[in-house]
Structures are given as C-alpha cells and as structure tokens.
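Colleague: Could you walk me through how a few helices and strands fit together here? I'd enjoy taking it piece by piece.

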Amino acid sequence: MSAEHQSRTVERLRPFASTIFAEMTALAVAKGAVNLGQGFPDTDGPESMLEAARDAISQGLNQYSPGPGMPVLRHAIAADRARRFGTEYDPDAQVLVTVGATEAIAATVLGLVEPGEEVLLIEPYYDSYAAAVALAGAKRTTVPLVAEGAGFAVDLDALERAIGPHTKLLIVNSPHNPTGTVLTRVELTRIAEIACEHDLLVLTDEVYERLVFDAPQLGHSAGSTPAFSGHSAGSTPALHVPLCTLPGMFERTVTVSSAAKTFNATGWKTGWALGPAELISAVRAAKQFMTFVGGTPFQPAVAHALDHEDAWVENLRRGLQSKRDVLSTALTKAGLDVKESSGTYFVCADVSPLGETDALGFCRSLPDRIGVAAVPVTAFVDHPGSWKTLVRFAFCKKDAVLADAAERLLAL
C-alpha cells in the first residue's frame, strides 16, 4: 500500500491495514512453502452438510434470510447449547446468526461499548479484537497469559489490577488462539467473580469449543533425540467450560461461536452470538448495518450439522489431536521448545534453543530456508517482551502435508 493511500485511512485503523497472515501466506506461495501459518483446514466438512447446502441452493434459498438468521439455524444453535451445556436460550430473542464469529465480535463491541470506554483483552489475542475496539472508537487494555509449566495461564492478579473506572467489556478466548490454552474451571471461576465484582460485560470467543484435546505431555524418548509424547487420540479431552454457565455470568455474557472450525467450513462465514435479549439486541443493532444478513443456503446446512453430525465432530477432534502430536514431535526433533496445546488448530514453540532471538525475523526467513511458513506470536500482542521468540504453527492440515512439513523442519 502506498504512502498516499495509507494517509487516507483513518488514524485508528492504520495499524490494521495489513495482517501477518497475508504476509506469510504470500511468502509461502512465492517460495512454494508448506503453509502452517494460516489456520484453515484443507479438507471439507461432513458430506450431509454439504449436500444440505446444495439442496438449499437448488430449492431456491438464495435471497435474504431473516435479519436474526433463519429460524431453523437459530433453533439448532439453541438446542445444541442446551444439549451440551444445559444453557437455555430463546432462539427468537437470544440467538443471532452472524457473518462468522469475526462479525459477531465486531458487532458486540460496536453495540455495547461507547467511544472512549475501555475493552480489556488477554494477550496474546486474536488480531480482530483490537481492530473491533478501534472501529468502536474505544480503548484497549491488555493483561498477559503467563508461563505455567509447559503451557500458559491467565495472570488473574494483573487482570483485576487492569480494571479501571472506564472498563466496560472483557474479551475471553478459550480454547485460545494462538496458544492452544484451554482455561481451567478455576481460572474461569475467578474471571467470573472479577467480572461480577466490577460489573463488566464479557464477550467469550468459543469458536474452538469442540476442538479440545487431552493435556499433552512433553518429554523425551528413550534415546537421546527429543520427542513429543502425547496421550493417545482416544483420551478424554480437556474440558471446555462456557463462562456464561458460571454464577452471575449469563446476564452479562455474549457468547460467540461459529460453524467454521466445528465443521471445516471457514469459507461459509456462518457464526452466531448468544446472550440475554438486551445484549443481543445491541449486537443486532450494529450487525444489521454491517452485512444485514449472512449466506442463506448455508444456514439450514449448518443447522443440519448441529443436529446430526456430533460423531463427525468427534472424529475431527481425535484426528486433530493426532495431528497436533505429529507436528509437536517434528518441532521437538527440530530443536524447538514445544508448548502444551490443549485445543484449537495451533501449537506454539519457542525458537530460542536454535539461537533465534526474533520470531518475526525467523518466520520471514523460514519459507526460503526450509519451505515452511508459520506466524510469530508477537503479531498477537501489544507487549512483545516474553513473546519475542514464540512461533505459532497450524496442524489442521492433511496428514501428507504435515508429513512433508515434518521432514522440512528437520533441516533446522
């Protein structure tokens, strides 16, 4: 982008003119690299869901859907949450279908936060959060995840200290992108207590809610070569606890999720926001002037998947857990310090054992060096500090792609 064009962008959006994902994907394409940078799968969702979308198109469901989303999908979303978590939502007043989780997040911030108020983020944070805060003319404050064993935990004391008189909204992401952390019930309970004590609204980003694994074990093989040792793919998964289910939280929480990660349909951009009617009304007030409505034929297809494809999702989860172990083993053998990942598409690794001191520089050189692309965790933080040598790798790829990447990583 030229300086002339850059100067025409409003100041609050200038930091978001380009993304690290676009940069690394371009490098991967230019160098013919295996792209483990961008978090999208390379296989399709359940065939019955795809067929339902084709049927919807052929049956003429190609015009605007109702503003809140098609009733069939809103009812399926509400039924899914009731079945899995015992949380009851009125599909007519407390469920809003959005154009992906990204729109749900932006519309929540726009609909509930006044210009000048503060939004509290836990860093590293998914990059759209900061952009949504900027769109709303609000201010962002951050608190860190901190190292705990081979993984990460929320600095709960820092979280409470960061809340000020203008703090309006807290965004919580679990399972967490980019680290793969799944917040524990203890952490979430304290977060809930803090939110209630300070009368905060909370947005929970739960797009990876179904993709939780066992807590991996990092260790060494019997020989001298470092290896990754995870539990078997049939192990009991880590527990995802929706924050809205904890005492005092339903009335102050907007829960965001989507079909993208659950059903390998990132291009369908079908998400949703759930919460009490007065909060969802505010979210809809913003959403309806952003995209108005989402893709109509995808909505009955996602409803079908929510109602009928639990077994497919469980197979996806187990497969991803196995892929996590394959990539973690490869990264460990390559000499990186691999961090625990209990969910999502991602595993993070510290490159400092290789003598590297700058994750961004490392990632920019990696496609040319060994033909693999990844992203630096510094792209997800305001305070690089302890994150400057951490790199995120995506494992949501076909087995052959991961095997190719594993072989290339050995060149490190």
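Modeller: Happy to! Bear in mind that this is a predicted model. Let's begin where two helices touch: Lys-323, Leu-327, Ala-330 and Leu-331 of H12 meet Asp-399, Leu-402, Ala-406 and Leu-409 of H14.

Colleague: How many residues in the contact of H12 with H14 are nonpolar, polar and charged?

Modeller: Lys-323 and Asp-399 are among the residues that meet there, and Lys and Asp count as charged. Overall, the contact divides into two charged, no polar and six nonpolar.

Colleague: Are H12 and H14 roughly parallel or roughly antiparallel to each other?

Modeller: Helix H12 spans residues 310–333 and helix H14 residues 399–409, and their axes lie 9 Å apart. They pack at an angle of about 10°. Angles under 35 degrees count as roughly parallel, so H12 and H14 are roughly parallel.

Colleague: Now the sheet, please. Which strands stand at the edges?

Modeller: Four strands make an open, antiparallel sheet in the order S12-S13-S16-S15. Each edge strand has a single partner, so one side of it is left without a neighbour in the sheet. Those edge strands are S12 (337–338) and S15 (375–376).

Colleague: And what is the bridge partner of Cys-348 in S16?

Modeller: S13 (residues 346–350) pairs with S16 (residues 390–394) in the antiparallel sense, over five bridges. The partner of Cys-348 in S16 is Arg-392.

Colleague: Which strands does helix H13 touch?

Modeller: H12 lies across S12, S13 and S16, at about 10° to S13. Helix H13 (residues 359–370) also packs on the sheet, its direction making about 40° with that of S16. The strands H13 touches are S15 and S16.

Note on methods: Residues numbered from 1 in each chain as written. Predicted model: local features only at pLDDT ≥ 70, side-chain atom pairs only at ≥ 80, totals over all residues. Heavy atoms only, no water. Axes fitted to C-alpha atoms, helices over the stretch in contact; angles between N-to-C directions. Parallel < 35°, antiparallel > 145°, perpendicular 65-115°, else oblique. Contact = heavy atoms within 4.5 Å. Pairing = 2+ DSSP bridges.
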